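Thanks, everyone. I have two short items for today, so let me put the structure up.

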Amino acid sequence: MATVDINLNALSTATNITDFNALLTAIDAGLVGTGITRSGSTLTFDSASDTSFDFAVVAVNDDLVDTPETVISTLSGATINNGTATITTASATTNITDIDQAISFAIGVDQDITEEGGETATFTVTMSETS
């Protein structure tokens, strides 16, 4: 039997559940049918289980204009009953690219007008993307 801990790295800038689906829920879905089990953040592999599994992290549209955010998953604390357990790749990172836009509206007029002379003022409403 071998174990390893999996966590969301504190250096991640994305927020679990707010910016992406719940990490442990995603892991649990990936474990289905593999024979690998999870208790807290500890994954347990045994001689009858698969040697790997996949899990999907899905970005959540938070409707906020922000910079790209990172999701960093890390492995730590590898153990095995008989032998030595090491971690060859301790972390993996994905980036969430923002799709939200920042826009502004403005209104302007081309001139002042007087009561006499049938003058016309033209108003213009403009929408533009801001950075």
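Which residues does Thr-79 touch, leaving out those up to four places away in sequence? Before I answer, please keep in mind that this is a predicted model. The contacts of Thr-79 are Met-1, Ala-2, Thr-3 and Ala-85.

Thr-79 itself is found in strand 4, which runs over residues 69-80. Take Thr-3 from that contact list. In sequence, Thr-3 and Thr-79 are 76 residues apart, yet their C-alpha atoms are 5.2 Å apart in space. Their side chains are also joined, by a polar contact of 2.4 Å.

Is Thr-79 buried or exposed? Neither label fits: Thr-79 counts as partly exposed because its relative accessible area is 40%, and that class lies between the 20% limit for buried and the 50% limit for exposed.

The second item is helix 1, residues 23-31. Five of its residues are buried, namely Leu-23, Ala-26, Ile-27, Gly-30 and Leu-31. Why do these belong to the same side of helix 1? Because the arc they cover around the axis is only 140 degrees. Turn to the other side of helix 1, and Thr-25 and Ala-29 are exposed.

What covers the buried residues of helix 1? The cover includes strand 1 at 2-8, strand 2 at 37-39, strand 3 at 42-45 and strand 4 at 69-80. Strand 4 is where we started, with Thr-79.

One last detail on the backbone. Just after helix 1 comes Gly-33, with a positive phi of about 80 degrees.

That is what I have; I can go back to either item.

Note on methods
Residues are numbered from 1 along each chain as its sequence is written. This is a predicted model: local features need pLDDT of at least 70, side-chain atom pairs count only at pLDDT 80 or more; totals for chains, interfaces and linings use all residues. Side-chain values use heavy atoms; hydrogens and water are left out. Buried means under 20% relative accessible area, exposed over 50%, partly exposed in between (1.4 Å probe, protein chains only). Helices (H or I, at least four residues) and strands (E, at least two) are DSSP runs, numbered from the N terminus. The arc is that of the directions from the helix axis to the C-beta atoms. Contact means heavy atoms within 4.5 Å. A polar contact is a pair of N or O atoms within 3.5 Å; within protein, one must be able to donate a hydrogen and the other to accept it, and residues adjacent in sequence count only if both atoms are side-chain atoms.
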